[in-house]
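Welcome to a short set of exercises on reading a protein model. Take each task in turn, try it yourself, and then walk through the solution.

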Amino acid sequence: MHKTTALVILSLGLLACERETYTTWSCIDSAGIKYPMVLKKAQMQFQDRQLDYCGSLGPVSYFDVKCPAQIQSSNKSFIPSSGQLISNANEFQCNAL
């Protein structure tokens, strides 16, 4: 009995480890248009593009298709605590769903 219970608990634990963690956000531009954004592991999916995580400086995380040597030059900068996303000089306000 104890062996079976232990195997079930172990199996459930292994299944939980395989789940991917992600956060879905709803982002609104200055014109009020909504765009979905997903942060999944070390990638951002936004406006039909998949971007890699380039690094962080303080509260700002940087994403780009190909990370530049200076991460501040990345295509997208995102501050999760405030939900501010800057993409090619366009500013979006994002809220986690």
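**Exercise 1. Confidence**

Over which residues does pLDDT stay under 50, and how many contacts beyond four places in sequence does the model have for them?

Step 1. Start with the ground rules: this is a predicted model, in which local features need pLDDT of at least 70 and side-chain atom pairs count only at pLDDT 80 or more, while totals for chains, interfaces and linings use all residues. Residues are numbered from 1 along each chain as its sequence is written, and side-chain values use heavy atoms, with hydrogens and water left out.

Step 2. Recall that pLDDT is the predictor's confidence in each residue, from 0 to 100. It stays under 50 over residues 3-18.

Step 3. Now look for contacts (heavy atoms within 4.5 Å). Beyond four places in sequence, the model has 0 of them for residues 3-18. Where pLDDT is low, the predicted coordinates should not be read in detail.

Step 4. For the protein as a whole, the mean pLDDT is 85, and 79% of the residues reach 70 or more.

**Exercise 2. The overall plan**

Find how many helices and strands the protein has, and in which pattern they follow one another.

Step 1. Helices (H or I, at least four residues) and strands (E, at least two) are DSSP runs, numbered from the N terminus. The count gives 1 helix and 8 strands.

Step 2. Going along the sequence, you meet them as α-β-β-β-β-β-β-β-β.

Step 3. Next comes burial: buried means under 20% relative accessible area, exposed over 50%, and partly exposed in between, with a 1.4 Å probe and protein chains only. Of the 97 residues, 30% count as buried.

Step 4. Take the contacts between residues at least 6 apart in sequence: 26% of these join residues at least 24 apart.

**Exercise 3. The disulfides**

Work out which cysteines form disulfides and where they sit.

Step 1. A disulfide is a pair of cysteine sulfur atoms within 2.5 Å. Searching the whole structure turns up 2.

Step 2. One of them is formed by C27 and C94, with sulfur atoms 2.1 Å apart. This pair links distant parts of the chain, 67 residues apart: C27 is in strand β1 (residues 22-28) and C94 in strand β8 (residues 90-96). Both C27 and C94 are buried.

Step 3. C54 is joined to C67, again by a disulfide, with 2.1 Å from S to S. Here C54 belongs to strand β4 (residues 49-57), and C67 to the loop between β5 (60-64) and β6 (76-79), 13 residues along the chain from C54. C54 counts as buried because its relative accessibility is 16%, while C67 counts as partly exposed because its value is 33%.

Step 4. Check the handedness. The link of C27 and C94 is right-handed, with 110° about the S-S bond, whereas the link of C54 and C67 is left-handed, with -85°.

Step 5. Count the bonded cysteines along the chain, and the pattern reads 1-4, 2-3.

**Exercise 4. A charged residue**

Is D29 buried or exposed, and how far away is the nearest side chain of opposite charge?

Step 1. Locate D29: it is in the loop between β1 and β2 (34-40).

Step 2. Lys and Arg count as positive and Asp and Glu as negative, with His and the chain ends not counted. A salt bridge needs a side-chain nitrogen of Lys or Arg within 4 Å of a carboxyl oxygen of Asp or Glu. D29 is buried but has no salt bridge, and K34, the nearest side chain of opposite charge, is 11 Å away.

Step 3. Look for other partners. A polar atom of the D29 side chain lies 2.8 Å from the backbone nitrogen of I33. Setting aside neighbours within four places in sequence, D29 contacts Y35, E91 and F92.

**Exercise 5. Positive phi**

What is the phi of K41, and what is the phi of D48?

Step 1. Most residues other than glycine have a negative phi.

Step 2. K41, not a glycine, has a positive phi of about 55°. K41 lies in the loop between β2 and β3 (43-46), and is exposed because its relative accessible area is 65%.

Step 3. D48 has a positive phi near 60°. D48 is in the loop between β3 and β4, and counts as exposed because its relative accessible area is 84%.

Terms used:
Polar contact = N/O pair within 3.5 Å; in protein donor to acceptor, adjacent residues only side chain to side chain.
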